[in-house]
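Me: I have a model open and would like to talk through how some of its labels are earned. Could you help me reason from the values?

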Amino acid sequence: MLSFFTDPYPNELLYSAISRYHFYIGNVGFAETLEELFGNRAVMPSIDFGSNLSTFVKKVGNNYSVEKILTENTIYPFFAPFITEEKQKMVFEDVSGNSGGLKGRLGISSTKVVKKDGIFYCSRCSKEDIEMFGEPYIHREHQLPGIDYCPHHELLLREYPVNYTEHSRTGYIRLDKRMMDLGISNDDTPKEFKKVQVTLAKMAYKLLELPNNKISLVNVFNKYRTLLRENNWITRNSAVRQEDLLIAFNSKFPKGFLEKYNSDMKISNENNWLAIVVTNPNRQGVHPFRHLLLMYFLNQDIESFLMLKEDEGPFGSGPWPCLNVAANHYKKFVITEVNVSKREKTDIIIGKFKCSCGFEYTRLGPEKTESEKWRKNRVNAYGEEWEAKFDELVSMNMHREEIAAALGISESTVRNKISIKNKSEQRTEEYRSNLLLWRKEFPNASRKQFQREFIKIFTYLYKNDRKWLDENLPSKRSDMLQDMGQKIEGYRSLILKEKENDPKVTRSKLWYKYNRACKCLYEHDFDWYSANFPAAIKNRRNTSHVDWDARDEEYYQKIIEIYPNLLSLEKPVRISRGLFSKRLNLFYLSIMDRMDKLPKTNKLLEEITETVQEFQIRRCCIVIDKMLEETGVVRFEELRETCAVGTPYFKGIKPYLEEYILKKQNDKGI
């Protein structure tokens, strides 16, 4: 754990705090700073969110946590309300590691809202920072994409003259007051533009102050629905009046404002971001700046928006229509309550509507178009009024097609209901007799055949006399069991006969020749299968045909031949097993469990390969030879930088280098 770290100032980006730490600690290269803070020299600096925060927290101590840094020292709270709870948790995992999928998860990579490629600051804020802390720093509220004004002083933000995207790949930029313009500058932004921009800047800053993951995208969507419904932008069945909404939205902003931030939309374009925000609760990737535009249009600030109640539900606020065609109130809005549920393992929402007349139906939601309020996915109960109308139509000897059309049901439903209503002891006995006579005439016939030939009798008995039907007519399951028993007997005979004809037949040959029989016996008659099938023959291990002694000698000679060339390369490389493996295209050299078969080669590699420290020493010695030859003096700091050896590692090899220099000087008599 580090003994010192520059604690971030209020609303300072972690990037800025690290840049100040690098300056104070006095490291020559950024790679050393990355090693100290992240234990990894390859970490890429991220100005907006940061990465590898779990390692960073362990390095700097218990006063920090990943959640605290993410909430207080990154711009993540600007995005958090507009992603799902699931993605909020995944973001925490992203920044704890290498942040590989973070930008895609937040929808930054696909947005058209202009990203800030530079570092921005407010001249007034920077002055106050210098007076209070002695130095300026990077405020996270000034780095938010789409935000051009300081929320505190309402001044246009200025860009720092050093662009971090063009800076060192692993470097951090620290604000230098000597390079900053802290004077009062002219702002030529139109007044109507500035009014909107300042309001959006203040709203964005409020988002940064929200507690971690206070709300998510679903909550935001439902609050939008409440506001749209209150302003009559949503129909009774919860469909959005998109064209009217878009016209009003565009008229809210000064001409050219939306175009400036790549957020303008046309009525003819169906896939506009505004429609996505207000109609699809599961669609993510809409930039937070655009959400702020919608809130501004709806005359909301962050505080008032958070206090809003969420929308009442996916089927509107009611009342809802009764769809009982037999009732006098058909299609009238008389149902005052809806029971909303959700199917397990799916996102399908179900609404159950029950009228006082007894008619009950369900509809899948949420509703998206006005016509859906007249749709029913399923009827759960018809009610007395509907049943009376059905009996009336049946008594009039109407055809089934006419009854189905009059009551909005299928012909099969009509047939089944008539069958049930005509139940009587006389009819039951008659149908039983018909079934028994048929069984006597066709003793081997299946249940399916009877159902197909006598659909009316079968339906009646199935609905009204199920127990007797199952006892006297084999079920599909019974047919299957009977057929399976016959199959097994036949397959047993087949296998036994094959064994009798060929006593040496193998199990593999039986499976190849009688695959279906073997599979059936294995799955449904395993005990017989185990007792009667030939024993499985274990596969013999393939003996190696490789002459390892000859290969060992071949590899040895190739390495001896190439080794001097590797040592004399103009740009030194570390001598390793992997290097020989690549240069000679010898795969086995990098597989240690095969090297016991190459003892001569393995012994040679153990003698000539280098550790990282040995390679650093050899590389430094080559540079030392050049320095002594050119100037006769070795400057260690210049040597360290030339050989790109980190300070801690250079300290470890310095005694060896001093000994080498002394030896070289003695040899030359210096």
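Me: What makes the side chains of T601 and D552 a polar contact?

Reply: Happy to help, and please keep in mind that this is a predicted model. The side chains of T601 and D552 are joined at 2.5 Å. A polar contact needs a pair of N or O atoms within 3.5 Å, so the value of 2.5 Å meets that cut-off.

Me: Why is T601 called buried?

Reply: T601, found in helix α29 (residues 599–608), has a relative accessible area of 0%. Buried means under 20%, so T601 earns the word.

Me: How do you know that there are cavities, and how many are there?

Reply: Rolling a probe the size of a water molecule over the atoms shows where empty space is left. Here the count comes to 5 cavities of 30 Å³ or more. The largest cavity, with a volume of about 90 Å³, is lined by 18 residues, and L14, I18, S46, G50 and S51 lie nearest its centre. Helix α1 (residues 14–25) gives the most to that lining, with 3 residues.

Me: Which kinds of residue line the largest cavity?

Reply: Its lining divides into 12 nonpolar, 5 polar and 1 charged.

Me: What makes L200 stand out in the largest nonpolar core?

Reply: That core has 93 residues, and L200 and F249 are those with the most contacts inside it. Helix α9 (residues 191–208) gives the most to this core, with 10 residues. Leaving aside residues up to four places away in sequence, L200 touches I147, F257, F289, L292, L293 and Y296. A second, separate core of 20 residues includes F315, L323, F359 and Y382.

Definitions and conventions. Residues are numbered from 1 along each chain as its sequence is written. This is a predicted model: local features need pLDDT of at least 70, side-chain atom pairs count only at pLDDT 80 or more; totals for chains, interfaces and linings use all residues. Side-chain values use heavy atoms; hydrogens and water are left out. Helices (H or I, at least four residues) and strands (E, at least two) are DSSP runs, numbered from the N terminus. Buried means under 20% relative accessible area, exposed over 50%, partly exposed in between (1.4 Å probe, protein chains only). A polar contact is a pair of N or O atoms within 3.5 Å; within protein, one must be able to donate a hydrogen and the other to accept it, and residues adjacent in sequence count only if both atoms are side-chain atoms. On a 1 Å grid over the protein atoms alone, a cavity is a set of points where a 1.4 Å probe fits but cannot get out, and a pocket is an open set with protein on both sides within 12 Å along at least five of seven lines; lining residues have an atom within 4 Å of a point. Grid points are joined across faces, edges and corners, and a volume is the space filled by probe spheres set on the points. Ala, Val, Leu, Ile, Met, Phe, Trp, Tyr, Cys and Pro count as nonpolar, Asp, Glu, Lys and Arg as charged, and the others, Gly among them, as polar. A nonpolar core is a set of buried Ala, Val, Leu, Ile, Met, Phe, Trp, Tyr and Cys residues joined through side-chain atoms within 4.5 Å. Contact means heavy atoms within 4.5 Å.
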